[in-house]
Amino acid sequence: MNIPSSLKYTPNDEWILVEGNTGKVGITDYAQNQLSDIVYVEVVVSVGETLKKGDACATLESVKAAADVYMPVSGIIIAVNEALPDSPEKVNSDPYGEAWMVKVELSDASQLDELLDSTGYEKLLAEKE
Amino acid sequence: MYIPHTKEDREAMLQTVGVKRIEDLFQVVPAAHRFPELKLPSALTEMEVMSEMKDIAAANESVQDLVCFLGAGAYNHYIPPVVDAILRRGEFYTAYTPYQPEISQGTLQAIFDYQSLVTALTGMEVSNASHYDGATAVAEAVSMAYANFRGKRNKVVLSSGLHPHYRETIRTYNQGTSIVITGDLGKVGPDAGTGSLLPLIDQDTALVIVQYPDFFGRITDFSSLAEAVHVAGALLAVAVNPLSLGLLKPPGDFGADIVTAEGQPLGIPLSYGGPYLGIFATRKDYARKMAGRLVGETVDNRGQRAYVLTLTAREQHIRREKATSNICTNQALIALAATVYMSLLGKQGLKEVAELCYHKAHYAANKISGIPGFSLWSKEPFFNEFVVRCPSPVSEINEYLLDEGILGGYDLGQDYPELENHMLLALTEMNSKADIDFLVDLLTEQETLEESDD
């Protein structure tokens, strides 16, 4: 299981890569593995929208399940990955890279402290197994 | 009666739950109400039951015995016996949706064929495996449009030419939601233009729904409406009489995003109101927001053509409360009837039936409008139904006709107070020239009687 130490995690298996006061959001390697082959990605927010932590920002469908992706933090959407819906399989092949879903400008950086680091997330996954 | 449990089974179960007798399980019901005397008549033999049921059934009057000029959403068409013969084959005779492709290839293929025929007929790209009836299908169009805009557009504009029962179903479906339903609240006039709908279409509008031909039978060109709807970023749903598409331009050709229909005219008997068939077709872009089952074609592990339920991640058992709809079923047996009917008639046959309906309706309209006191309400083009202004209450006229073995038209005053004394008449290939002439004679006679009464 790939759990990069450069990212922050939610217990719902989202990750955020923080750069300054912005963050890129996606789902973890564990999540893509649980969902199996992803066949559909829909980013359900647009640039300029203000979202609260926990709001849905994308919907995924695999051959056996559907799942929403929730915001790990509050903020304004500054970019969405428009190429991703055309190649949903990237969520499986490159969950931490090309399969980012939205980029957000953080409205409250202190929310990052509520997220898990890679060690915490790894521990959580060990408990799930 | 078949009771699966033996005396020993029952005693073992009672012992397990710790009571002596079955009656002990009902202790929570107050004693006075526990085992009331039901005062049922004494038991009958099967022969006696058959005879009694036959007597009860004989009191019904159906289109088997009457000449029918009633339509308003359900129509008396000829059903070739082949439809029933195929429907009743043991391999098909279940209403259940097949979940297991391993054992259901025949049914799945039939549904796939149904979907293919529906898309060809409506000019759309994808059809679901069907809904319960025309009203359900149009209500599902509202749910789909709302889900498509993720709840950000909450206005639905209905034409008053949409079947009153469909409009009622849409309102029932959407009770307690934030969806605002409008457009159909004013009075209706004989002109079928869409002018009254246009000012209501805005950035909050998710869906505009019209009927084609409309409830009054009128055929309207909706292409400019479709444009206006799309300029506002909304979707257009068109509820159709599927048989009329044998003759008319399919809604897919003039910009419909969703086409729904009551499939009953396609080989399904009137049957006192059901079971019927809800047709639902849309564009590929919206396939993942569509409710209901969908059958797709694929290949199995040997490379052979095979059919499976597809895109099921849309459905409620997977997507839960985020699903567009809680409907995960279809009307498989009735969809099969429509499939057999459409296959049997083919493109040419459907066109011929539609033409017969059209010409008979125009012959009747022409004759009836010549009777003193009767006139056509609208000058718009129509398919197989038209509205007649009558000199007396529709209920009185219909009573008179029924005495002569004729089922008269629909009393529009029931749904549109401004259309008191207006009758909606429907013609199909089942109405002979002699039937129409007899109707005209009776209406003429009845009117003369009325006048001499005065």
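Me: What pattern does chain A follow along the sequence?
Reply: In this predicted model, chain A reads β-β-β-α-β-β-β-β-β-α-β-α from start to end. Its secondary structure comes to 3 helices and 9 strands.

Me: And how does its radius of gyration sit against that of a compact globule?
Reply: The two agree: chain A has 13 Å, and a compact globule with 129 residues would have a value near 14 Å. Along the principal axes, the C-alpha atoms of chain A fill a box of roughly 35 × 35 × 20 Å.

Me: What percentage of chain A is buried?
Reply: Buried residues make up 34% of the 129 residues. As for contacts in chain A with a separation of 6 or more, 65% of them are accounted for by residues 24 or more positions apart.

Me: Let us look at one residue. Where is A:Asp37?
Reply: A:Asp37 is in the loop between helix H1 (29-35) and strand E4 (38-43) of chain A.

Me: Why does A:Asp37 count as partly exposed?
Reply: A:Asp37 has 13 other C-beta atoms within 10 Å. A residue is exposed at 12 or fewer and buried at 20 or more, so a count in between makes it partly exposed.

Me: Which residues does A:Asp37 touch?
Reply: Leaving aside residues up to four places away in sequence, A:Asp37 touches A:Ser62, A:Val63 and A:Asn92. Its C-alpha atom is separated by 20 Å from that of A:Glu129, which is 92 residues apart along the chain.

Me: Changing topic: how many residues are in contact between chain A and chain B?
Reply: 6 residues of chain A are in contact with 6 residues of chain B. The chain A side of this contact divides into 4 nonpolar, no polar and 2 charged residues.

Me: On to chain B, then. How many helices and strands does it have?
Reply: Chain B has 12 helices and 15 strands. Its C-alpha atoms fill a box of roughly 80 × 60 × 45 Å along the principal axes. Of its 454 residues, 43% count as buried. Taking contacts in chain B between residues at least 6 apart in sequence, 73% join residues at least 24 apart.

Me: How is chain B divided into domains?
Reply: Domain 1 of chain B takes residues 67-76 + 346-453, and domain 2 takes 81-341. Their centres, taken over C-alpha atoms, are separated by 29 Å. The contact takes 27 residues from domain 1 and 23 residues from domain 2.

Me: Which elements give two or more residues on the domain 1 side?
Reply: These are helix H10 (332-368) and strand E12 (385-389) of chain B. H10(B) provides the largest share of that side, 7 residues. By residue type, the domain 1 side divides into 16 nonpolar, 4 polar and 7 charged.

Me: What about the largest nonpolar core?
Reply: This core has 119 residues, and those with the most contacts inside it are B:Leu207, B:Ile209 and B:Ala237. H10(B) gives the largest share, 18 residues. Both domain 1 and domain 2 of chain B give residues to this core, so it lies between them.

Me: What does B:Leu207 touch?
Reply: Not counting residues up to four places away in sequence, its contacts are B:Ala141, B:Val142, B:Ala145, B:Val156, B:Ala234, B:Leu235 and B:Ala237. Another core, of 29 residues, lies apart from the core of B:Leu207. Among the residues of that other core are A:Val25, A:Val80, A:Val91 and A:Leu115.

Me: Next, helix H11 of chain B. Which of its residues are buried?
Reply: In H11 (residues 394-403) of chain B, the buried residues are B:Val394, B:Ile397 and B:Leu401. Seen down the axis of H11(B), they fall within an arc of 65°, so they line one face of the helix.

Me: Why would that spacing put them on one side?
Reply: An α-helix has 3.6 residues a turn, so residues three or four places apart point the same way.

Me: Which residues are exposed on the other side of H11(B)?
Reply: B:Glu399 and B:Asp403 are exposed there. Just after H11(B), B:Gly405 takes a positive phi of about 80°.

Me: Last one: B:His165. Where is it placed?
Reply: B:His165 is in helix H7 (residues 164-173) of chain B. It counts as partly exposed, with 17 C-beta neighbours inside 10 Å. Beyond residues up to four places away in sequence, B:His165 touches B:Gly73 and B:Ala135. The C-alpha atoms of B:His165 and B:Met53, 112 residues apart along the chain, are separated by 31 Å.

How values were computed. Residues are numbered from 1 along each chain as its sequence is written. Chains are lettered from A and ligands numbered from 1 in the order in which they are written. This is a predicted model: local features need pLDDT of at least 70, side-chain atom pairs count only at pLDDT 80 or more; totals for chains, interfaces and linings use all residues. Domain bounds come from an automatic or database domain assignment. Two residues are in contact if their C-beta atoms, placed from the backbone, lie within 7 Å. Helices (H or I, at least four residues) and strands (E, at least two) are DSSP runs, numbered from the N terminus. Ala, Val, Leu, Ile, Met, Phe, Trp, Tyr, Cys and Pro count as nonpolar, Asp, Glu, Lys and Arg as charged, and the others, Gly among them, as polar. The arc is that of the directions from the helix axis to the C-beta atoms. A nonpolar core is a set of buried Ala, Val, Leu, Ile, Met, Phe, Trp, Tyr and Cys residues joined through C-beta atoms within 7 Å. The radius of gyration is taken over C-alpha atoms; the globule rule is 2.2 Å times the number of residues to the power 0.38.
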